[in-house]
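Reader: Before I go back to the bench, could you walk me through this one with me asking as we go?
Author: Gladly; here it is, and you can begin wherever you like.

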Number of protein chains: 2
Amino acid sequence: MELAEAKLKFIEAWGKLGSEWGINRTMAQVHALLLVSPEALTTEEIMETLSISRGNANMTLRDLMGWGLVEKQHKAGERKEYFFADKDSWNIARQVAQERKKRELEPVIKILNELTELKGDDKDPAFKTFKKSVTDINKLAKNVNRTLETMLKADESWFFGSIFKIFK
Amino acid sequence: MELAEAKLKFIEAWGKLGSEWGINRTMAQVHALLLVSPEALTTEEIMETLSISRGNANMTLRDLMGWGLVEKQHKAGERKEYFFADKDSWNIARQVAQERKKRELEPVIKILNELTELKGDDKDPAFKTFKKSVTDINKLAKNVNRTLETMLKADESWFFGSIFKIFK
DNA sequence: ATAAACTTTCAATAAATTTTGAAAGTTTAA
DNA sequence: TTAAACTTTCAAAATTTATTGAAAGTTTAT
């Protein structure tokens, strides 16, 4: 296999994984492209490599910056903006976990907290079932939230090292 | 707030969370409905409550059974099929983790393994960057995989208990 | 001030995904 | 058998989401 072919496979695989997990395919592909690029790339280069429009490239890059996965770079004497991705996969994981926790998990926990407080007749099976499901899922969601919070603070070796110590 | 209203909120929140994580909204909603129902429900009841078509209800229920989240129940003397959801949220989380690991994570790990083996010129920055990103992400993916595997075997109290011991 | 170089916006369009519903299929009872 | 009760299928339609590209906006150099 050639490097060029391997890069394409990587971009494709990353794009697919992204779309399966609710991250837009193009966004994951642009990220993958920047991950395997030693140099920062211009919007132009990204557009051409992935055959996407200027508008799409621009918006996707802004999103990626919003997720903290990609940064702008300015080269001295040039007007063009260059983009590069953090290559440390542990940082990537933390960044993604942090954003999704904030954007998706926390709003749900807020609703679950409200729903947990609903008062009703404990003899009513409908109420009891509702209460149990909501309370249980709320607990689970909070545990997940705590785990993510810890992950955000931890560094990789400590995190995985510690986890696997208890599983040895 | 009324129980009925609370149920709707729960179904809505669960549906939104699902769609943000690549699980079809209707599937998450049907699951939510079954979670808060003390009795098993018929396709008919699900269709009416969520205002979805027969075909959609049928396919969604099959999917949910495929994920191991919902089961059929037959009532003596009745032709109709009833459906109910496992109410134990830890089981739900394990089930979902197991399926997504198998369906989405494992195929990517397979590709990453292949790409890791690519030989090339270590002096070529393009090759070096590719190698580093792919190898690192591969390691991370494998760690995630191992963590999920452990989760699948563990029971809730042991899992979260152990995790938080090391974070105390 | 003007123009060139570059970036951003967003309405229109295209693509992907989800849903429908009627027809076909299956099972059970008589 | 036959028919009623129920489930499944899937092509077409609807909906949602992503993408385009040209126009508007911005910045820099002269």
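**Two chains and two DNA strands**

Author: A good place to begin is a base contact, since in this predicted model a polar side-chain atom of B:R79 sits 2.7 Å from a base oxygen of DNA strand C.

Reader: And which atom of DNA strand C does a polar side-chain atom of A:R79 lie 2.7 Å from?
Author: For A:R79, the partner is a base nitrogen of DNA strand C, and the distance is 2.7 Å. A phosphate contact can be added from the other chain, because the cut-off for a polar contact is a pair of N or O atoms within 3.5 Å. There, a polar side-chain atom of B:N24 lies 3.5 Å from a phosphate oxygen of DNA strand C.

Reader: Which elements give two or more residues to the surface near DNA strand C?
Author: They are α4 (54-66) of chain A and α4 (54-66) of chain B. The largest share comes from α4(A), which contributes 5 residues.

Reader: OK, and how many residues surround DNA strand C overall?
Author: There are 17 residues around DNA strand C, and the closest of them are A:N58, A:R62, A:R79, B:T26 and B:S53. Of the atoms of DNA strand C that come within 4 Å of the protein, 65% belong to sugar and phosphate. By residue class, the surface near DNA strand C divides into 2 nonpolar, 8 polar and 7 charged.

Reader: Now the other strand. Which residues are closest to DNA strand D?
Author: Around DNA strand D there are 17 residues, with A:T26, A:S53, B:N58, B:R62 and B:R79 the closest. Sugar and phosphate make up 62% of the atoms of DNA strand D that come within 4 Å of the protein.

Reader: What does the side chain of A:R79 approach on DNA strand D?
Author: An N or O atom in the side chain of A:R79 is 2.8 Å from a base oxygen of DNA strand D. Phosphate oxygens of DNA strand D are approached as well, one of them lying 3.2 Å from an N or O atom in the side chain of A:N56, and one lying 2.2 Å from a polar side-chain atom of B:R62.

Reader: Which elements supply that surface, and which gives the most?
Author: Two or more residues each come from α4 of chain A and α4 of chain B, and α4(B) gives the most to the surface near DNA strand D, with 5 residues. The residues of that surface divide into 2 nonpolar, 8 polar and 7 charged.

Reader: Switching to the protein-protein side, how many residues of chain A and chain B are in contact?
Author: 55 residues of chain A are in contact with 55 residues of chain B. Together the two chains bury about 5,100 Å², with 78% of that area on carbon and sulfur atoms.

Reader: How many salt bridges and polar contacts cross it?
Author: The rule finds 0 salt bridges across the interface of chain A and chain B, while it finds 8 residue pairs in polar contact there, both residues being at pLDDT 80 or more.

Reader: Which helices of chain A supply at least two residues each to the side that touches chain B?
Author: Those are α1 (3-20), α5 (89-116), α6 (125-153) and α7 (156-167) of chain A, and α6(A) gives the most, with 16 residues. The residues on that side of chain A divide into 33 nonpolar, 9 polar and 13 charged.

Reader: Last topic: how is chain A laid on chain B?
Author: A turn of 180 degrees, with a shift of 0.0 Å along the axis, lays chain A on chain B with an RMSD of 0.1 Å. The two copies are therefore related as by a two-fold rotation axis. The same surface serves both copies, as 100% of the contact residues of chain A recur in chain B.

Conventions. Residues are numbered from 1 along each chain as its sequence is written. Chains are lettered from A and ligands numbered from 1 in the order in which they are written. This is a predicted model: local features need pLDDT of at least 70, side-chain atom pairs count only at pLDDT 80 or more; totals for chains, interfaces and linings use all residues. Side-chain values use heavy atoms; hydrogens and water are left out. Contact means heavy atoms within 4.5 Å. Buried area is the accessible area (1.4 Å probe) that two parts lose on being put together, summed over both. A salt bridge is a side-chain nitrogen of Lys or Arg within 4 Å of a carboxyl oxygen of Asp or Glu. A polar contact is a pair of N or O atoms within 3.5 Å; within protein, one must be able to donate a hydrogen and the other to accept it, and residues adjacent in sequence count only if both atoms are side-chain atoms. Helices (H or I, at least four residues) and strands (E, at least two) are DSSP runs, numbered from the N terminus. Ala, Val, Leu, Ile, Met, Phe, Trp, Tyr, Cys and Pro count as nonpolar, Asp, Glu, Lys and Arg as charged, and the others, Gly among them, as polar. A residue is near a molecule or strand if one of its heavy atoms lies within 4 Å of it. Copies are superposed by least squares on the C-alpha atoms of residues with pLDDT of at least 70 in both.
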